[in-house]
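User: I am new to reading protein models, and I would like to know how the words used for them are justified. Could we go through some of them step by step?

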Amino acid sequence: MKCILALKALYEKRESAMKLGLFFYKFKKRILSMTQDRQPEITSECMQLLRLISEHYVGVFSAMEYVFLFQFVYAAYRPMATAAGELICKRLLAPPPHEGFFGQEPPDEFDRNLQNMKTLIDFYLQGEFHRHVPYLVDGLWEAAPALVRNWECMTALLLEPRGGRQALTSQQERVLIEILVAAVRQAAEGRPPAGRRLGKKAAREVDGTRRWREHANMSRHFVKVLPRLLSKFAADKEKVTPLLQIPQYCNLDVYDMDGLGSYLDAALLELDCLVQRHSDVAVLEACARTYGTYCDEGGSAHFQAAPARSRLVDMLVDALTPLLDVFIQHEKQGLFLGHGEMGRICSTLRRLAAFYSAHDLSSWNLYEKMDSLLTFRRHQGSLPTEASRPQVVHCALQCTYYALLWQIVAATDRLPPQEALLDLRKRLMKFCLVCRVYLNHQSKVLSEKAFILLCDLLLILSHQGPEEDTGLGLLFFVPDHVLQCKLLTFVREHVFLEETGATGPSRVYSEEDADELYELFHRRNMLAVFCKLIVCNVLEMSAAADIYQFYLKHYHHFGDIIKETMTRTRQNDRLRNALSLLLCLQQLFQKHVDTYGLGYDPIEFICGPFYSIRLLARRFALTLGFDRARDAAHLIHRRGLAFAFSESPVPEELEARQRFPNLSFLLVLAEFSCKIPPAERQAALAHFQDSIPEGVPVFGEGDTNPMFVYRKSLMRTDYVAQGEEEPAANPFDAICKDCKRPQELPVGTCSTWTPDTLASSSTGDREPRNSSKGQKSNRDVFDVDFLSSEDSENSSNEDVDVEGISVHEGVSD
């Protein structure tokens with residue numbers, strides 16, 4: 001850091017910078033590599049140094065080196081991104097040096113900003129950082145405020161007629177809209193996007209008056225231009241959807257203060273046209289949220305927007321009611337509507353569901369209409385295979401779900417009478433039953449939707465408080481064992497599918513894999529919804545054992561979700577989490593025995609399906625953590641030994657191996673021995689000896705004998721010949737060997753091996769740690785404060801030959 005700061009001071013002056021040309025060319029690669037230093041402060045200062053160097057020397061960096069430096073505008077550290085943004089402004093967005101020569105008049109500032117904006121769009125399109133527009137805008141927020149905060153320039157480019165002089169291509173328009181929305185959001189919120197870290201010396205925030213003035217100017221501009229933007233891009237759902245986010249970042253009070261009510265009418269008219277024109281869920285939900293922004297009761301636009309929203313919903317409900325009546329009547333008679341009528345029902349239901357997600361439509365009594373449709377279809381059995389009919393039930397499920405949520409919200413805000421709560425409970429239980437029926441539907445889309453809605457509703461109902469006999473406690477509901485099994489079976493069948501083709505982190509997805517990526521995202525969403533029920537104690541923690549079985553097999557696609565589930569459940573209850581891990585291993589072991597029998601082939605112990613169970617156990621042992629993992633490890637070993645030595649109800653004359661079919665589980669259990677503190681392994685070993693029942697077969701030698709492997713895992717070292725010195729496990733143990741003190745446990749406590757006796761025995765004979773400096777240290781090598789000042793003074797002059805230390809094979813750390 002000191003070197004970089006010294007170089008920055010030299011390169012800031014033209015005289016000294018011109019004398020350092022030879023120095024820079026010699027250390028060019030080294031300075032460029034420092035932009036990837038582990039310390040973010042060094043990277044940002046190095047980027048500023050490189051920007052100064054590029055100003056003094058012509059052609060100092062190649063095109064590829066500039067591309068390498070420009071990509072840091074997407075860095076997570078904001079000062080680094082800002083420094084890269086300054087370099088982009090100097091090298092890409094600066095006016096060419098020949099402007100103003102040869103009698104040519106330089107372009108005005110507006111035209112220059114238009115050209116710079118096109119250059120910035122091309123820079124984003126040519127890069128490989130897709131969907132990172134907010135980070136690009138934030139990187140240029142301080143470096144090029146006249147560009148990314150120039151609302152007039154960006155909207156002028158978007159409103160340019162097709163075929164005009166400054167017209168953009170469709171792809172450029174899409175990127176410019178993303179840049180515009182990201183800039184509007186940052187101007188309104190005043191903070192960088194999520195995931196970008198501020199520096200230690202964060203820039204001083206702009207005073208409140210100036211920021212309020214800039215926000216008011218921005219709101220005034222977009223209030224006027226938003227109807228024109230929505231009108232131009234109304235047919236393109238990918239462009240109009242982000243534009244609908246702009247009103248939520250604007251100050252809508254400018255409608256009253258500046259007399260801009262006509263622009264509000266125009267915006268509401270465009271929203272109404274968009275709702276009637278589109279049936280895409282993303283566009284409809286964006287329109288519903290925009291209506292919610294306008295209909296805010298505290299805003300000035302409420303008195304104009306609320307009646308417009310009511311008229312739109314009235315129109316949709318009036319159109320839906322006769323269509324549903326005709327649909328149900330035809331279904332009762334065994335007739336089917338045409339595709340046109342079914343399409344109108346689906347599109348109307350989709351619009352109402354989108355508005356129900358953001359607005360309380362309880363006054364339109366949509367629940368009764370949806371409930372009659374769902375109840376009729378449930379009694380009729382499975383739906384026909386046409387895609388339109390499952391879509392009707394799909395939208396009806398979504399509308400009913402939102403209707404019930406709004407009723408729960410109303411009951412939470414103001415406690416209704418007990419009769420109303422009982423009626424609401426009946427509706428909730430009825431909806432859960434309907435979703436439960438549609439879990440087995442032949443339509444994949446419908447069954448997955450029912451699963452997600454059911455899991456979300458169970459999560460809500462499980463947090464209503466069961467301790468109250470009246471009030472919201474009546475809404476409390478926890479799924480029974482049968483429903484839990486159905487949900488778990490659904491996850492196994494719809495989430496953990498057999499993968500086809502290349503998988504793994506090295507796979508590169510292309511545009512042709514968009515459907516596969518969407519399918520993977522949907523499966524991850526279903527797994528996350530189910531795991532959330534386990535984490536929030538809605539389902540029993542033992543249900544996670546069936547999920548943990550797929551940890552290694554589907555690690556690349558679902559490993560992060562399963563690992564987070566292990567972490568959260570361990571935080572909730574360490575012992576129950578340990579039991580769920582053990583249950584998972586027992587289930588896998590039982591499946592292995594049922595499939596491959598009781599053969600004790602040594603090859604199976606080191607490779608094959610059984611070895612994969614051992615690898616999973618090793619990974620589970622790592623998830624126990626390093627702090628407070630002792631009780632969980634003891635519990636796993638106690639229960640695991642009971643499972644391993646459990647006898648099968650077979651005649652005594654049969655082979656002894658058939659009496660103890662789970663004996664090979666000791667190989668799996670040995671993977672958890674590393675989590676037992678070294679001072680307590682003698683007690684664990686004694687407990688293991690006492691747990692061995694009579695008649696246990698002895699087979700194999702060495703690593704093929706499960707009992708020998710498990711006994712070996714509990715010992716600190718291998719068996720050492722008498723008179724030989726115990727080899728060190730690692731160089732650190734060799735250095736600290738003199739400070740080790742063997743902690744022997746009383747013999748009487750070895751047979752019981754309970755957590756209380758282990759805790760008392762491991763600390764009862766420990767000597768005080770505040771011994772005098774002249775005495776030999778008796779501290780344990782695993783103490784946190786081992787390397788204290790006293791030890792460092794005594795060992796500072798000792799030279800340890802690390803290469804000469806021999807590590808015995810098989811030593812347990």
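**Reasons behind the labels**

Analyst: In this predicted model, helix α12 is mostly covered, since 14 of its 20 residues are buried.

User: What makes Gln 186 count as buried?

Analyst: Gln 186, which lies in helix α12, has a relative accessibility of 3%, and the label buried applies under 20%, so Gln 186 counts as buried. Leaving aside neighbours within four places in sequence, Gln 186 is in contact with residues including Arg 78, Trp 141 and Pro 193.

User: How do you know that the span of helix α12 is close to the expected one?

Analyst: Helix α12 covers residues 170-189 and reaches 29 Å from its first C-alpha to its last, which is set against the 28 Å expected at 1.5 Å a residue. After α12 comes Gly 190, whose phi is positive, near 75°.

User: Why is Asp 272 said to have no salt bridge?

Analyst: A salt bridge needs a side-chain nitrogen of Lys or Arg within 4 Å of a carboxyl oxygen, whereas the nearest side chain of opposite charge to Asp 272, that of Arg 311, is 7.1 Å away, so Asp 272 has no salt bridge although it is buried. Asp 272 is placed in helix α16, and, not counting residues up to four places away in sequence, Asp 272 touches Tyr 291 and Leu 312.

User: Which residues touch the most other members of the largest nonpolar core?

Analyst: They are Tyr 294 and Leu 397, in a core of 233 residues, whose largest share, 13 residues, comes from helix α21.

Technical notes:
Residues are numbered from 1 along each chain as its sequence is written. This is a predicted model: local features need pLDDT of at least 70, side-chain atom pairs count only at pLDDT 80 or more; totals for chains, interfaces and linings use all residues. Side-chain values use heavy atoms; hydrogens and water are left out. Helices (H or I, at least four residues) and strands (E, at least two) are DSSP runs, numbered from the N terminus. Buried means under 20% relative accessible area, exposed over 50%, partly exposed in between (1.4 Å probe, protein chains only). Lys and Arg count as positive and Asp and Glu as negative; His and the chain ends are not counted. Contact means heavy atoms within 4.5 Å. A nonpolar core is a set of buried Ala, Val, Leu, Ile, Met, Phe, Trp, Tyr and Cys residues joined through side-chain atoms within 4.5 Å. The expected span of a helix is 1.5 Å times one less than its number of residues.
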